[in-house]
Amino acid sequence: MSASSERGGATAPGVVPAPCASKVELRLSCRHLLDRDPLTKSDPSVVLLLQSQGQWVQVDRTEVVRSSLHPVFSKVFTLDYYFEEVQKLRFEVYDTHGPGGLSCPEDDFLGGMECTLGQIVAQKKVTRLLLLKSGRNAGKSTITVIAEDISGNDGYVELSFRAEKLDDKDLFSKSDPFLELYRVNDDWSEQLVYRTEVVKNNLSPVWKPFKVSLNSLCSCEETRPLKCLVWDYDSRGKHDFIGEFSTTFQEMQQAFGEGQAQWNCVNAKYKQKKRNYKNSGVVILSHLKFHRVYSFLDYIMGGCQIHFTVAIDFTASNGDPRNSCSLHYINPYQPNEYLRALVAVGEICQDYDSDKRFSALGFGARIPPKYEVSHDFAINFNPDDDECEGIQGVVESYQNCLPKVQLYGPTNVAPIINKVARTAAAEERTGEASQYYILLILTDGVVTDMADTREAIVHASHLPMSIIIVGVGNADFTDMQILDGDDGVLRSPRGEPALRDIVQFVPFRELKNASPSALAKCVLAEVPKQVVEYYSHKELPPRGFNTPSQEASSGLAP
């Protein structure tokens, strides 16, 4: 897809089309917070801030967990997640003194942490030390942020619980029950999935319906253990335990379908002490419905790595690198267009590549030692390992390469597309969604080997790879649109159609005066869709995912 066709409509030159966002849930917990209250423990809450145009803007705030130095927050932050952007987040923890949990000037700052949303998504779980405003550690305080994908393409579960005849824990009134739903992880730790509201003075409460992502509920594994705990609320944080039960999503579906979705709410202490003890009440699942498909974030969180390769045009039409008019001129005060495009896209991709090593290739130059023309040489001049350490390593290799090569021609890109395709083909044979390849081609002119390039792209459309072509300079790139699938399906010279539209072409001059992130947002906006299209066509689920039956909800009418 080209930049001008994003969202199905024409876009004025220089205007970046709005990419489609995924939805991400962030769940928070803290450990070992500083205690700022003289008589009781801190009453912590967390404020989430997002950097926008260089300023920190408050997005949302958790509830206050009373009298706790190790809070687990029920409030979930829901954010729009853009693969194409660096989204900087800041989490600030406060001991809250305001009425009703509202912020006030008297709130005590307990520590903060900064990271990008991409880092959280790529790692799924991030634990960092909290820092004071001075930059020092806030004692042993830590914050943990867990990402769950709830984008429109991801499944979600609708649940509603009620209870009957719960134990009365209050002396002068009835219990004030609330329910907590936990997922049991592989290491047997328990992750809070949802906490209901408190129903005051009621032993047969009906809690409000709620929705959770399938990944959040059970990691998309129907047999993963779940635990439900029922408590009698206490304003001092010392809630009285009423009882609990264990189940699985599979059991919940089956029981609900048979009209028998109820569980004894059991207090183990009472069961040991009382011979005729049966339960402390009954919890009933009054509604269940789910729908499931895979999304881009499913694949990323399943461990799919995005492998980034950059290919740089070293043809003579760029001009002598020693001349300030050259597109390859190294200005010590301002990066040239090749470097700007490389860094803008590479900084996004690096969050999704665990080893942070990037292949960097060149084409169209005479290279040492024999100074023969090459169209797929490693710019670090190591034919056995063309990878560089991080984006900075690519930049340094590019700058070191320029004085050692002779810019020549022609502009042949098929050899590099075929080289990356061979690696992608080897990945395809693994039968897993583990590696996806992005090839960024930076060129100053229309490709010379158009027929071979079309053939290479059609072949690559069957492989786990996407191709981004950025036109650098002021050349007429009209003929490059033939490689883009916007005006119909690209075909090889033999008439074979491309399986998928995997090419995005963007003239750099249209984004030259935009913000540094604008180019990355524009050229990478199609990648999530292309990743999902490929793995969906191959019927490959994300690694480690077990797919619940899509038809299971059809018979589960409330």
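Helices (H or I, at least four residues) and strands (E, at least two) are DSSP runs, numbered from the N terminus. The model shown here is predicted: local features need pLDDT of at least 70, and side-chain atom pairs count only at pLDDT 80 or more, while totals for chains, interfaces and linings use all residues. Residues are numbered from 1 along each chain as its sequence is written, and side-chain values use heavy atoms, with hydrogens and water left out.

**Figure 1. The whole protein has 11 helices and 26 strands.** Of its 558 residues, 53% count as buried (under 20% relative accessible area; exposed is over 50% and partly exposed lies in between, with a 1.4 Å probe and protein chains only). Contact means heavy atoms within 4.5 Å. Among contacts between residues at least 6 apart in sequence, 72% join residues at least 24 apart.

**Figure 2. Lys356 sits in the loop between α6 (337–349) and β18 (357–363).** Although Lys356 is not a glycine, its phi is positive, at about 55 degrees. For comparison, most residues other than glycine have a negative phi, and most peptide bonds are trans. Lys356 counts as partly exposed because its relative accessibility is 32%.

**Figure 3. His32 is a second non-glycine residue to look at for its positive phi, about 55 degrees.** Find His32 in the loop between β1 (22–31) and β2 (44–52). With a relative accessibility of 40%, His32 is classed as partly exposed.

**Figure 4. Ser68 is a loop residue between β3 (55–61) and β4 (77–81).** Despite its place in a loop, Ser68 counts as buried, at 15% relative accessibility. Leaving aside residues up to four places away in sequence, Ser68 touches Lys41, Ser42 and Pro44.

**Figure 5. Strands β7 (residues 125–131) and β8 (residues 137–149) run antiparallel.** Six bridges join the two strands; two strands pair if DSSP finds at least two bridges between them. One pair to pick out is Leu131 with its bridge partner Asn137 in β8. Together β7 and β8 form a hairpin with five residues between them, and in the turn Gly135 has a positive phi of about 95 degrees.

**Figure 6. Gly243 lies in strand β14 (residues 240–248).** At 0% relative accessibility, Gly243 counts as buried. Its neighbours, not counting residues up to four places away in sequence, are Cys228, Leu229, Val230, Cys265, Val266 and Asn267. Gly243 and Asn279 are 36 residues apart in sequence, and their C-alpha atoms are 8.0 Å apart in space.

**Figure 7. Three strands make an open sheet in the order β20-β19-β23, with antiparallel pairing.** Its edge strands, β20 (372–374) and β23 (406–407), each pair on one side only. Three bridges connect β19 (residues 365–367) with β20 in the antiparallel sense, and Ala365 has Ser374 of β20 as its bridge partner. Do look at the loop between β19 and β20, where Pro369 is found: the peptide bond from Pro368 to Pro369 is cis, with omega near 10 degrees. Another cis bond runs from Gly409 to Pro410, with omega near 0 degrees; Pro410 is in the loop between β23 and α8.

**Figure 8. Helix α8 (residues 414–428) packs against helix α9 (residues 450–460).** The angle is about 15 degrees and the axes are 9 Å apart (axes are lines fitted to C-alpha atoms, for helices over the stretch in contact, and angles run from 0 to 180 degrees between N-to-C directions). That makes α8 roughly parallel to α9 (angles under 35 degrees; over 145 is roughly antiparallel, 65 to 115 roughly perpendicular and the rest oblique). The contact is made by Ala414, Ile417, Asn418 and Ala421 of α8 and by Asp452, Thr453, Ala456, Ile457, His459 and Ala460 of α9.

**Figure 9. Ala456 offers a closer look at helix α9.** Ala456 is buried, with a relative accessible area of 2%. Ala414, Ile417 and Asn418 are the residues that Ala456 touches, not counting those up to four places away in sequence. From Ala456 to Val413 the separation is 43 residues in sequence and 9.2 Å in space, C-alpha to C-alpha. Met450, Thr453, Ile457, Val458 and Ala460 are also among the buried residues of α9, and what covers the buried residues includes α8, β25 (465–471) and β26 (503–507).

**Figure 10. Helix α11 (residues 527–537) has buried residues that include Tyr534 and Tyr535.** Val527, Pro528, Gln530, Val531 and Val532 are buried in α11 as well. Just after α11, Glu539 takes a positive phi of about 55 degrees.
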